[in-house]
Amino acid sequence: MLSTTTPALRRVLNAAVAQFARHGYEGASLAGIAADAGIRKASLYSHIKNKDALFLAVFEDALKIESQFAHECFEHSNTGLPGQHYCESLLARYADSEHFRFLLRTSYIPPESLFHELQEGYETYMQQLLADFTAALRRHVGEALSDQDALILGHAYMGMVDSLHVALIYIGTERFEARLNALERLMGDSIARLVGEHHD
């Protein structure tokens, strides 16, 4: 964990996330990261201890950036289903954000030596999504939403997000959109039925 981020360290982190997102832990080289950051490889060690430390620093950086992005998707969406805006933003986000590509690929295919740290960080990210979804669901359905219904729909939403995250890594755009549309329909039907029950 890095306590401060200087402009030089920011260049290193930006170069590293690009290398790690494209080539993974094994394929990325410290020499390539240093070259992309505009410094000598030996100078890297004034910023980071080793490759593991750099990888974890990039992961922590990606978690902060993508957690903020996801939170804003929930906070700034007042239309549609709870959590819909986040899900519909995923395809473009995956194309545009090296941090998001790195976060997903690293979380689903982690280097063995860092498995526990990476899984813990990804689970924290997913728990934030669950909390944001539950808050949005309560705003959408109202005070009549029971804790049991919130729990069930929360688990369903997280299953939906898991499925879409995997789809981003392993399948093409057309199949991703088909999966998104099907999952949104199922979630929409479930929420509509729940709202109907509370207004009967």
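**Exercise 1. The annotated DNA-binding region**

Task: Find which residues the UniProt annotation "DNA-binding region" covers, and state how much of that span is helix and how much is strand.

Solution. Start with the record: the unreviewed UniProt entry places its "DNA-binding region" at residues 29–48. UniProt positions follow the numbering used here, feature names are shortened, and such annotations may be inferred rather than shown by experiment. Next, turn to the model, in which this span is 60% helix and 0% strand. Its end C-alpha atoms lie 14 Å apart. Helices here are DSSP runs of H or I with at least four residues, strands are runs of E with at least two, and both are numbered from the N terminus.

A word on the ground rules before you go on. The model is predicted, so local features need pLDDT of at least 70 and side-chain atom pairs count only at pLDDT 80 or more, while totals for chains, interfaces and linings use all residues. Residues are numbered from 1 along each chain as its sequence is written, and side-chain values use heavy atoms, with hydrogens and water left out.

Now compare the second annotation. The same kind of record, also an unreviewed entry, gives "domain: HTH tetR-type" for residues 6–66. Over residues 6–66 the chain is 80% helix and 0% strand, with 21 Å between the end C-alpha atoms.

**Exercise 2. The whole chain**

Task: Work out how many helices and strands the protein chain has, and what share of its residues is buried.

Solution. First count the elements: the chain holds nine helices and zero strands. Along the sequence this reads α-α-α-α-α-α-α-α-α. Then take the dimensions, about 70 × 35 × 30 Å for the C-alpha trace along its principal axes. Finally, of the 200 residues, 42% count as buried. Buried means under 20% relative accessible area, exposed means over 50%, and partly exposed lies in between (1.4 Å probe, protein chains only).

**Exercise 3. Checking helix H4**

Task: Test whether the end-to-end distance of helix H4 agrees with its number of residues.

Solution. Helix H4 runs over residues 51–75, which is 25 residues. The expected span of a helix is 1.5 Å times one less than its number of residues. That gives 36 Å for H4, and its end C-alpha atoms are 36 Å apart, so the two agree. Now look at the start of the helix. Asn50 caps the N-terminal end of H4, with a side-chain oxygen 3.2 Å from the backbone nitrogen of Asp52.

**Exercise 4. Rings between H4 and H6**

Task: Explain why the pairs that Phe102 makes with Phe55 and Phe59 are edge-to-face.

Solution. A search of the whole structure finds 11 aromatic pairs. Rings of Phe, Tyr and Trp (its six-membered ring) pair if their centres lie within 6.5 Å; planes under 30 degrees apart are stacked, over 60 edge-to-face, and the rest tilted. Take Phe55 and Phe102: their centres are 5.2 Å apart and their planes at 65°, so this pair is edge-to-face. Phe55 lies in helix H4 and Phe102 in helix H6 (residues 98–108), so the pair ties together parts 47 residues apart in sequence. Both Phe55 and Phe102 are buried.

Repeat the steps for Phe59 and Phe102. Their centres are 6.4 Å apart and their planes at 70°, so this pair is edge-to-face too. With Phe59 in H4 and Phe102 in H6, the pair ties together parts 43 residues apart in sequence. Phe59 is buried, at a relative accessible area of 3%, and Phe102 has 0% relative accessibility.

To finish, step back: ring pairs link Phe20, Tyr25, Phe55, Phe59 and Phe102 into a cluster. The charged end of Lys51 sits over the ring of Tyr25, 4.8 Å from its centre. This label requires NZ of Lys or CZ of Arg within 6 Å of the ring centre and within 35 degrees of the ring normal.

**Exercise 5. Two cysteines**

Task: Explain why Cys73 and Cys87 do not form a bond.

Solution. A disulfide is a pair of cysteine sulfur atoms within 2.5 Å. The sulfur of Cys73 is 9.4 Å from the closest cysteine sulfur, in Cys87, which is too far for a bond. Indeed, the search of the whole structure finds zero disulfides. Cys73 is buried at 5% relative accessibility, and Cys87 is buried at 0%.

Notes
Polar contact = N/O pair within 3.5 Å; in protein donor to acceptor, adjacent residues only side chain to side chain.
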